[in-house]
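Colleague: Could you take me through one part of this model slowly, as you would for someone in their first year? I would like to see how some of the helices pack and what spaces lie among the residues.

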Amino acid sequence: MTSFAPRRNIATLAYTVLLAFLPLLGSSLTTWWALENQPLIAQFGWAEWAAFFVVAVFTMAFALTPTTFVALLSGFLLGWVSVPPLCVAYLSAAFVGHWFISRLDNGNLLAFLSRRPKVATFVKRLQSGSLGVIVLSRLSPVLPFAVMNAVFALVKIPVRPFLWGSFVGMLPRTVLSVWAGTQAQQLRVLLENPNDSLPWRIGLAALTLVSVGGLGWMLRRPRS
């Protein structure tokens, strides 16, 4: 018989729920720090920016800063040159988040939930279309980055399609966010109210519609 660890299941669920609330606190603190230290940030050289993206890997992986927030800030301060290191940081953060929750849970929660036939069927459907599901979920700015890392790790999505899907899905969001950052006139306005830009709102709405519509179709389509 399979042994289950209820305490570990509770810890996994608690950690996943916490990931949904941490970005608000983290982004608030980061906004305050960035606004207070804007002259210092403006003098950053390549070493300081390298350190910034390394730190961002872990703050994004553990939901201390939203990915969109990091991209907006990078776009404003660095412009389009920030896209390559952002992509590397996103993928690294996705891997760290996936690895951590996999080690924390070790398959216990999925084994416990899969006792229910409906849950087992849903998980199989999710796994069968894993690459497309990952791409579509990453497109949506509504689905939290760190939470989705945890979800995909919990349902045992392999690392390779997970990273490929994350890269393809995050790229449009990254480009849109960096563009919004380059268009901002003031850092305070950008960080405190990024939704002022009409093209930015239209872009986010379009990505959300494509994501939600595509996920709904993929998860409900008849299995061959």
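Colleague: To start with the helix packing, are α8 and α9 roughly parallel or roughly antiparallel to each other?

Modeller: Happy to help, and please keep in mind that this is a predicted model. Let's begin with your pair. Helix α8 covers residues 130–139, and its axis comes within 10 Å of the axis of α9, with a crossing angle of roughly 165°. Angles over 145 degrees count as roughly antiparallel, and therefore α8 and α9 are roughly antiparallel to each other. The crossing of these two helices is right-handed. If you want to find the contact on your screen, look for V133, I134, S137 and R138 on the α8 side, and for F145, M148, N149 and F152 on the α9 side. Sorted by type, the residues of this contact are five nonpolar, two polar and one charged.

Now stay with α8 and turn to another partner, α10. Here the axes come within 7 Å and cross at roughly 30°. Angles under 35 degrees count as roughly parallel, so α8 is roughly parallel to α10. This crossing is right-handed too. From α8, the residues that take part are S130, L131, I134, V135, R138 and L139. From α10, they include P161, F162, W164, G165 and S166, and further along V168, G169, M170, P172 and R173. The contact of α8 with α10 divides into ten nonpolar, four polar and two charged residues. You may spot some names from before: I134 and R138 of α8 belong to the contact with α9, and both are also listed in the contact with α10.

Helix α10 leads us on to a cavity. The model has one cavity of 30 Å³ or more, and its volume is about 50 Å³. Its lining is made up of C87, Y90, L91, A94, F145, S166, F167, M170 and L171. The elements that give two or more residues to this lining are α5 (83–105) and α10 (159–183). Eight of the lining residues are nonpolar, one is polar and none is charged. Here, too, you can link the pieces: S166 and M170 line the cavity, and these two residues of α10 also meet α8. F145 is another lining residue, and on α9 F145 helps make the contact with α8.

Next comes the largest pocket, which holds about 570 Å³ of space. It has 28 lining residues, and those closest to its centre are P23, P66, T68, F69 and P141. Two or more residues of the lining come from each of α1 (6–36), α4 (67–78), α9 (145–154) and α12 (198–220). Among the elements, α1 gives the most, with seven residues. By type, the pocket lining has 21 nonpolar residues, six polar and one charged.

Since α4 helps line that pocket, let's finish with how α4 packs against α3. Helix α3 spans residues 46–61, and its axis lies 11 Å from that of α4, at an angle of about 165°. That makes α3 roughly antiparallel to α4. α3 passes α4 in a right-handed crossing. W49, F52, F53, A56 and M60 of α3 make the contact with T67, V70, L73, S74, L77 and L78 of α4. These residues divide into nine nonpolar, two polar and no charged.

Key:
Residues are numbered from 1 along each chain as its sequence is written. This is a predicted model: local features need pLDDT of at least 70, side-chain atom pairs count only at pLDDT 80 or more; totals for chains, interfaces and linings use all residues. Side-chain values use heavy atoms; hydrogens and water are left out. On a 1 Å grid over the protein atoms alone, a cavity is a set of points where a 1.4 Å probe fits but cannot get out, and a pocket is an open set with protein on both sides within 12 Å along at least five of seven lines; lining residues have an atom within 4 Å of a point. Grid points are joined across faces, edges and corners, and a volume is the space filled by probe spheres set on the points. Helices (H or I, at least four residues) and strands (E, at least two) are DSSP runs, numbered from the N terminus. Ala, Val, Leu, Ile, Met, Phe, Trp, Tyr, Cys and Pro count as nonpolar, Asp, Glu, Lys and Arg as charged, and the others, Gly among them, as polar. Axes are lines fitted to C-alpha atoms, for helices over the stretch in contact, and angles run from 0 to 180 degrees between N-to-C directions. Angles under 35 degrees count as roughly parallel, over 145 as roughly antiparallel, 65 to 115 as roughly perpendicular and the rest as oblique. A crossing is left-handed if the near helix is turned anticlockwise from the far one by less than a right angle, and right-handed if clockwise. Contact means heavy atoms within 4.5 Å.
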